[in-house]
Amino acid sequence: MLKASNAAVNSFPPAFLPDGWHWSNYREGWQFFDMPLYLRNTLLIFGGNLIVIFIVLGAAAFSLSHLRVPFRQAVTTFFLMTLFIPPTTYIIPNFVNIKELGLMNSFWAFWLPAGANALNLLLLKTFMDGIHHELFEAARMDGASDWRCFRRIALPLSVPIYSALAIFIFSTAWNDWFWPSLIMHKSTMYPLSTAIYKYVIGARQLDLNIRFAILSIVMIPPIIVFLLFQRFIMRGLQLGSVKG
């Protein structure tokens with residue numbers, strides 16, 4: 001039905017198979033609005049969030065797991081307690097902070113909150129707790145610094161959890177339209193989900209066959225990302241295995 005004509009889509013009773021293969025629907029859907037621009041914005045949000053989580057949350061999780069941080073257990077308990085706060089209560093404080101920092105219409109409005117995600121921090125910490133301390137002690141005996149231990153040992157062994165988080169981060173960046181609608185007031189800064197909501201879902205004179213063609217196109221990147229990082233999860237599991 002995604003390749004059917006508009007008359008076939010609106011027919012009743014609906015047919016199980018379309019009346020023909022109208023590949024032009026995809027071309028018209030691609031040309032309906034600037035999809036590459038909004039796709040680029042979404043990928044920038046995803047890439048920035050991923051880098052922030054890799055460096056900021058990864059270093060924080062490594063510190064709480066393998067460094068002598070003062071009040072380490074209290075800090076972990078504090079982040080655990082924040083998980084009981086409904087996420088909707090963060091919207092107004094985050095919006096006020098982003099506005100006061102002058103980050104409206106900026107991708108930093110997505111990247112900075114990503115560095116304070118308690119769930120991702122606890123997931124990383126739980127995974128890094130399973131890495132043996134002897135690996136880091138041996139590296140320190142060879143003269144490695146804490147940063148080098150994190151970069152050369154903890155990061156490669158944490159590929160499975162980073163790959164799983166990458167899938168969740170991409171899913172959030174791909175599907176979230178409410179928060180971008182609040183902080184992005186320029187149409188050229190919209191991610192793809194917000195553009196779909198404003199220009200496709202809310203369009204009144206857009207034929208259903210073109211609308212379904214657009215929605216089927218935007219389903220492809222999440223599938224590709226999942227298959228890509230699923231392969232890295234298996235590689236990370238083999239990398240992190242300990243041989244006796």
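Rings of Phe, Tyr and Trp, the last taken by its six-membered ring, are paired here if their centres lie within 6.5 Å. Run over this predicted model, that rule turns up 15 aromatic pairs.

Two of the pairs share Phe62. Its pairing with Phe136 is edge-to-face, with 5.3 Å from centre to centre and 65° between the planes. The angle earns that label because anything over 60 degrees counts as edge-to-face. In sequence the partners are 74 residues apart, so to speak from distant parts of the chain: Phe62 sits in helix H3 (residues 35-66) and Phe136 in helix H8 (residues 133-141). Phe62 has a relative accessible area of 2% and counts as buried; Phe136, at 1%, is buried too. The cut-off behind both calls is a relative accessible area under 20%.

Phe62 also pairs with Phe150, this time in a tilted arrangement, at 5.6 Å between centres and 45° between planes. Here again distant parts of the chain are linked, with Phe62 in H3 and Phe150 in helix H9 (residues 146-157), 88 residues apart. Phe150 is buried as well, its relative accessible area being 2%. Through Phe62, then, H3 has an aromatic link to H8 and another to H9.

Elsewhere, ring pairs join up into a cluster made of Phe32, Phe33, Tyr38, Tyr190 and Tyr199.

Phe32 turns up again in the packing of two helices, as one of the H2 residues that touch H13. Helix H2 (residues 24-32) meets helix H13 (residues 208-217) at an angle of about 80°, and their axes are 8 Å apart. H2 is therefore roughly perpendicular to H13, since the range for that term is 65 to 115 degrees. On the H2 side the contact is made by Asn25, Tyr26, Glu28, Gly29, Trp30 and Phe32, and on the H13 side by Asn209, Ile210, Ala213, Ile214, Ser216 and Ile217. Sorted by class, the contact of H2 with H13 comes out at seven nonpolar residues, four polar and one charged.

As for confidence, the protein chain has a mean pLDDT of 83, with 87% of its residues at 70 or more. Of the chain's elements, H3, the helix that carries Phe62, has the highest mean pLDDT, at 91. The lowest, 60, belongs to helix H1 (residues 6-9). Residues 239-244 fall below 50 in pLDDT, and in the model this stretch has four contacts beyond near neighbours in sequence.

Terms used: Residues are numbered from 1 along each chain as its sequence is written. This is a predicted model: local features need pLDDT of at least 70, side-chain atom pairs count only at pLDDT 80 or more; totals for chains, interfaces and linings use all residues. Side-chain values use heavy atoms; hydrogens and water are left out. Axes are lines fitted to C-alpha atoms, for helices over the stretch in contact, and angles run from 0 to 180 degrees between N-to-C directions. Helices (H or I, at least four residues) and strands (E, at least two) are DSSP runs, numbered from the N terminus. Angles under 35 degrees count as roughly parallel, over 145 as roughly antiparallel, 65 to 115 as roughly perpendicular and the rest as oblique. Contact means heavy atoms within 4.5 Å. Ala, Val, Leu, Ile, Met, Phe, Trp, Tyr, Cys and Pro count as nonpolar, Asp, Glu, Lys and Arg as charged, and the others, Gly among them, as polar. Rings of Phe, Tyr and Trp (its six-membered ring) pair if their centres lie within 6.5 Å; planes under 30 degrees apart count as stacked, over 60 as edge-to-face and the rest as tilted. Buried means under 20% relative accessible area, exposed over 50%, partly exposed in between (1.4 Å probe, protein chains only). pLDDT is the predictor's confidence in each residue, from 0 to 100.
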